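Biologist: Could you take a close look at one part of this chain for me, and then show me how the rest is arranged around it? I'd love a friendly walk through the contacts, with distances where you have them.

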Amino acid sequence: MNAMAMPPAAAGDFIAAMGMAATGVSVVTTDGPAGRFGLTVSAVSSVSAEPPLVLVCINRKSPALAALDANGTFAVNLLAAHNRAYAETFSGRPREGKPFDFANHEWQEGRTGLPLVSEATAVFECETE
């Protein structure tokens, strides 16, 4: 059986198709010496219940990743449909206000001082591992 190499999908087509996949959306936030950053992510997964561990996938070129590493703490804010504006802001495409601007929304301060989405479905305050 001969396998034919398929040409890769165009990036825009791939992104559009993946955008149709049912997945949870979260905003990952961090604050500390390296600054306050937030980023919309769809790649969040539980790793372990004992000890409690979550996996968050962030592009290595993102300035948020460097801040998260330097700050050593971050929060995963699991969003509900009514939190859509948070996801839009922290994906760089807000309907109103500036991209990635915390001033666009209401925040609560977590136990560790991290910015938390006020009406998130669930929130995890984490230390980097």
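With which side chain does the side chain of H105 make a polar contact, and at what distance?

Modeller: Happy to! One thing to keep in mind is that this is a predicted model. The partner you are after is T89: its side chain makes a polar contact with the side chain of H105 at 2.7 Å. H105 itself lies in the loop between helix 3, residues 84-89, and strand 6, residues 107-109. Because its relative accessibility is 16%, H105 counts as buried. Leaving out residues up to four places away in sequence, H105 touches A85, Y86, T89 and F90.

Let's stay with helix 3, which carries some charged pairs. The side chains of E88 and R84 meet in a salt bridge, 2.8 Å from N to O. E88 and R84 are 4 residues apart in helix 3, so about one helical turn separates them. E88 also forms a salt bridge with R95, where the closest N and O atoms are 3.2 Å apart. Through these shared partners, the salt bridges join R84, E88 and R95 into one network. Burial varies within that network: E88 counts as buried at 13% relative accessibility, R84 is exposed with a relative accessible area of 52%, and R95 counts as exposed at 65%.

A search of the whole structure finds 3 salt bridges. One of them links R36 and D31, with the closest N and O atoms 3.3 Å apart. R36 counts as partly exposed at 39% relative accessibility, and so does D31 at 27%.

From there we can move to strand 1, which covers residues 26-30. 5 of the 5 residues of strand 1 are buried, so the rest of the structure largely encloses it. Both faces are covered, with S26, V28 and T30 buried on one side and V27 and T29 buried on the other. Strand 1 pairs in the antiparallel sense with strand 2, residues 37-41, over 5 bridges. Within that pairing, T29 stands opposite G38. The hairpin of strand 1 and strand 2 has 6 residues between the strands, and G32 takes a positive phi near 160° there. Strand 1 also runs antiparallel to strand 5, residues 73-78, to which 4 bridges join it. Here V27 stands opposite N77.

T30 deserves a stop of its own. Its relative accessibility is 2%, which means T30 counts as buried. The T30 side chain makes a polar contact with the side chain of N71 at 3.1 Å, and the T30 side chain also reaches the backbone oxygen of T73 at 2.6 Å. Leaving aside neighbours within four places in sequence, the contacts of T30 include G35, R36, F37, A67, L68, F74 and L114. R36, the salt-bridge partner of D31, is thus also in contact with T30.

Back beyond H105, G110 sits in the loop between strand 6 and strand 7, residues 115-117. G110 is buried, with a relative accessible area of 9%. Apart from neighbours within four places in sequence, G110 is in contact with L116 and E125. G110 and E125 are 15 residues apart along the chain, and their C-alpha atoms are separated by 7.5 Å.

For contrast, here is a piece of the surface. F14, I15 and M18 make a nonpolar surface patch of about 340 Å². M18 is found in helix 1, residues 11-18, and counts as partly exposed at 47% relative accessibility.

Finally, the overall setting. The chain has 3 helices and 8 strands, and from the N terminus on its elements run α-β-β-β-β-α-β-α-β-β-β. Along the principal axes, its C-alpha atoms fill a box of roughly 60 × 40 × 25 Å. Of the 129 residues in the chain, 29% are buried. The chain exposes about 8800 Å², and carbon and sulfur atoms supply 56% of that area. Among contacts between residues at least 6 apart in sequence, 53% join residues at least 24 apart.

Notes
Residues numbered from 1 in each chain as written. Predicted model: local features only at pLDDT ≥ 70, side-chain atom pairs only at ≥ 80, totals over all residues. Heavy atoms only, no water. Patch = residues over 30% accessible without salt bridge, like charges linked within 9 Å, V, L, I, M, F, W, Y side chains within 5 Å. Areas by Shrake-Rupley, 256 points an atom, 1.4 Å probe, with all protein chains shown as cover. Salt bridge = Lys/Arg side-chain N within 4 Å of Asp/Glu carboxyl O. Helix = DSSP H or I, 4+ residues; strand = E, 2+ residues; numbered from the N terminus. Buried < 20%, exposed > 50% of the residue type's maximum accessible area, 1.4 Å probe, protein only. Polar contact = N/O pair within 3.5 Å; in protein donor to acceptor, adjacent residues only side chain to side chain. Contact = heavy atoms within 4.5 Å. Pairing = 2+ DSSP bridges.
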